[in-house]
Amino acid sequence: MAASQSQPERWQWENATAGAVAGFATVAAMHPVDVVRTRFQVNDGRVSNLPTYKNTFHAVLQNVYL
């Protein structure tokens, strides 16, 4: 009986860990892209102290290396 009760508990921890790792990977990959998207939407060219980007790839590289 004890072995059958520990198996579902073990699966719950494995699922929780897999979900946490997947969530972290998604945020780590998508956050720089969201920052670039937001900066492109906000920047209308009138304010000179905001960084200017040549294209999306250039903006991603600038934000990753900051």
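**Close-up views of a two-helix chain**

**View 1. R37 and D34 sit about one helical turn apart, three residues from each other in helix α1 (residues 2–42).** This is a predicted model, and here we zoom in on a pair from its helix α1. The side chains of R37 and D34 meet in a salt bridge, with 3.6 Å from N to O. That fits the 4 Å cut-off, so the pair counts. Looking for another one elsewhere? The structure holds one salt bridge. As a general point, side chains of opposite charge can pair when their charged atoms come close.

**View 2. How much of the R37 and D34 pair is open to the outside?** R37 comes out as partly exposed, at 45% relative accessible area. D34 is partly exposed too, with a value of 33%.

**View 3. F57, L61, V64 and Y65 make a nonpolar patch on the surface.** The patch covers about 470 Å². L61 belongs to helix α2, while Y65 lies in the segment that comes after α2 (56–64). Y65 is exposed, with a relative accessible area of 69%. L61, at 32%, counts as partly exposed; patch members need over 30%, so L61 qualifies on that score.

**View 4. L61 of helix α2 and P32 are shown together, 9.2 Å apart from C-alpha to C-alpha.** Along the sequence, 29 residues separate L61 and P32. L61 is also one of the residues in the nonpolar patch of View 3.

**View 5. Stepping back, the whole protein chain has two helices and zero strands.** How many of its residues are tucked away? Of the 66 residues, 6% count as buried, which here means under 20% relative accessible area. The accessible surface of the chain adds up to about 5800 Å². Carbon and sulfur atoms account for 63% of that surface.

Conventions. Residues are numbered from 1 along each chain as its sequence is written. This is a predicted model: local features need pLDDT of at least 70, side-chain atom pairs count only at pLDDT 80 or more; totals for chains, interfaces and linings use all residues. Side-chain values use heavy atoms; hydrogens and water are left out. Patches are made of residues with over 30% relative accessible area and no salt bridge: like charges are joined within 9 Å, nonpolar side chains (Val, Leu, Ile, Met, Phe, Trp, Tyr) within 5 Å. Accessible areas come from the Shrake-Rupley method with a 1.4 Å probe; for residues, only the protein chains shown count as cover. Helices (H or I, at least four residues) and strands (E, at least two) are DSSP runs, numbered from the N terminus. Buried means under 20% relative accessible area, exposed over 50%, partly exposed in between (1.4 Å probe, protein chains only).
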